[in-house]
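Welcome! Here are some short exercises to work through with the sequence and the model side by side. Try each task before you read its solution.

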Amino acid sequence: MTTRIVELRQGILKKNDELAAGLRANYAAAGVLVLNLVSSPGTGKTAFLERTLREMKARGARVAALVGDLETDNDARRLAASGAPVRQINTHGICHLDAEMIGKHLDGWEGVALGGLDYLFIENVGNLVCPSSYDLGERIRVVLLSVTEGEDKPLKYPTMFNSADAAVITKMDIAEPCGFDRETALRNINEIRPGIRIFETSAKTGAGMEEWLGYLAEARGVVL
Amino acid sequence: MHELSIVTSVVESVTESLAAYPGSRVLAVRLRVGALASVVVESLEFCWEIAAGGTALEGSRLVVNVLPVVMHCRQCGEDVELEGVQSFRCPLCGAPCSEMRQGRELEIDSIEIDDAKEAA
């Protein structure tokens, strides 16, 4: 028996990467800025996004959202209260969104065309592990962390924090009763992703939203 | 958490590549996995037998080569290897590093096959 080595050198998630590259090209051609929001379950992605959509709509931005969950359309209904078009993606057990799911839900989204949007937000499935491997063609990956989760979360989930372009700390209104150690949290985020933009926010009081909305406007300026 | 789907796509990709080598048997599949690829090597190995079973890859070995994180340090002007993933600072000068050179790979490197043609 003769054995030999055949070099393959191919990405395991090649199919997803190719689909994501196609999406990225479509987003760019349409001039829409796409953000992928990732966090643990319960961080407050939906509340933060709901406020973001509402405030952006009030400023005349054309915004829409895709939201991923294993089951239920509860989040889509909550987000739709902002008045922005929202579409739910149910993964039925899959722990992350992938590029194929995004493509399918963009196709045939009644009344929504990429060309008619300034911003598209994708709220990923609550999970700090698997979504980091799946490119959705987004321009900006936003990782969220709430004050109730523990300041060492970035150290525990370095893959996700290191792959993010911006970090949002949520629920700042209850930071004090939770004994949130702000300095340590900021230091840990910076240790894993040096120089990342960090926003300290509260969807309830609106704290930090001005700065976040300014960042979004600035980011889109770069795209166009 | 998604290791089974990862090894399943490895089996699919290798099966496709095997079309070019009719009659060959796969002895081993080698992967390159970055330390920041967010997969657990033990889980990949555990799932391998299940994913390969009943396919042309049944009985083959999965060999996972884990690659350390390599960052570019602007201060030193060099690519530096990190010892772990708890701090993204240059091990030489301590400067924070944000340009990754290696660490997120999730690739099929190569396969080892017994060559049916030469054997015949």
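**Exercise 1. A residue and its surroundings**

Which residues does Ile122(A) touch, not counting residues up to four places away in sequence?

Solution. Keep in mind throughout that this is a predicted model.
- Step 1: Begin with the stretch Val34(A), Leu35(A), Asn36(A) and Leu37(A), which Ile122(A) touches.
- Step 2: Add Leu66(A), Leu97(A), Ile102(A), Leu136(A) and Glu138(A) to complete the list.
- Step 3: Now place Ile122(A) in its setting. Together with Ala65(A), Ile122(A) has the most contacts inside the largest nonpolar core, a set of 88 residues. That core also draws at least three residues from each of domain 1 (1-68 + 103-120) and domain 2 (69-102) of chain B.

**Exercise 2. The two sides of a helix**

Find the buried residues of helix 7 (residues 182-192) of chain A, and work out how they are arranged around the helix.

Solution.
- Step 1: The buried residues are Ala185(A), Asn188(A), Ile189(A) and Ile192(A).
- Step 2: Look down the axis of helix 7 of chain A: the buried residues fall within an arc of 100°, so they line one face of the helix.
- Step 3: A general rule helps here. An α-helix has 3.6 residues a turn, so residues three or four places apart point the same way.
- Step 4: Turn to the other side of helix 7 of chain A, where Glu183(A) and Arg187(A) are exposed.
- Step 5: Finally, see what covers the buried residues: the cover includes helix 5 (153-156), helix 6 (158-163), strand 7 (166-170) and strand 8 (197-200) of chain A.

**Exercise 3. Two positive phi angles**

Are Arg9(A) and Lys171(A) buried or exposed?

Solution.
- Step 1: Recall the background. Most residues other than glycine have a negative phi.
- Step 2: Arg9(A) has a positive phi of about 45° although it is not a glycine, and Arg9(A) belongs to strand 1 (residues 3-11) of chain A.
- Step 3: Lys171(A), also not a glycine, has a positive phi of about 60°. Its place is the loop between strand 7 and helix 7 of chain A.
- Step 4: Count neighbours. Arg9(A) is exposed because it has 9 C-beta neighbours inside 10 Å, and the cut-off for exposed is 12 or fewer.
- Step 5: Lys171(A) has 22 other C-beta atoms within 10 Å, so it is buried; the cut-off for buried is 20 or more.

**Exercise 4. A helix of chain B**

How many residues does helix 1 of chain B have, and what span is expected for it?

Solution.
- Step 1: Helix 1 (residues 3-18) of chain B has 16 residues.
- Step 2: From its first C-alpha to its last, helix 1 of chain B reaches 22 Å, close to the 22 Å expected at 1.5 Å a residue.
- Step 3: Its buried residues are Ile6(B), Val7(B), Ser9(B), Val10(B), Val11(B) and Val14(B).
- Step 4: Strand 1 (25-34), helix 2 (41-52) and strand 6 (106-114) of chain B are among what covers them.

**Exercise 5. Where the chains meet**

Which element gives the largest share of the side of chain A that touches chain B?

Solution.
- Step 1: Take the contact as a whole: 28 residues of chain A are in contact with 30 residues of chain B.
- Step 2: On the chain A side, strand 1, helix 6 and helix 7 each give two or more residues.
- Step 3: Strand 1 of chain A supplies the largest share, nine residues.
- Step 4: Sorted by class, this side of chain A has 13 nonpolar, 10 polar and five charged residues.

Methods
Residues are numbered from 1 along each chain as its sequence is written. Chains are lettered from A and ligands numbered from 1 in the order in which they are written. This is a predicted model: local features need pLDDT of at least 70, side-chain atom pairs count only at pLDDT 80 or more; totals for chains, interfaces and linings use all residues. Helices (H or I, at least four residues) and strands (E, at least two) are DSSP runs, numbered from the N terminus. The arc is that of the directions from the helix axis to the C-beta atoms. Two residues are in contact if their C-beta atoms, placed from the backbone, lie within 7 Å. The expected span of a helix is 1.5 Å times one less than its number of residues. A nonpolar core is a set of buried Ala, Val, Leu, Ile, Met, Phe, Trp, Tyr and Cys residues joined through C-beta atoms within 7 Å. Domain bounds come from an automatic or database domain assignment. Ala, Val, Leu, Ile, Met, Phe, Trp, Tyr, Cys and Pro count as nonpolar, Asp, Glu, Lys and Arg as charged, and the others, Gly among them, as polar.
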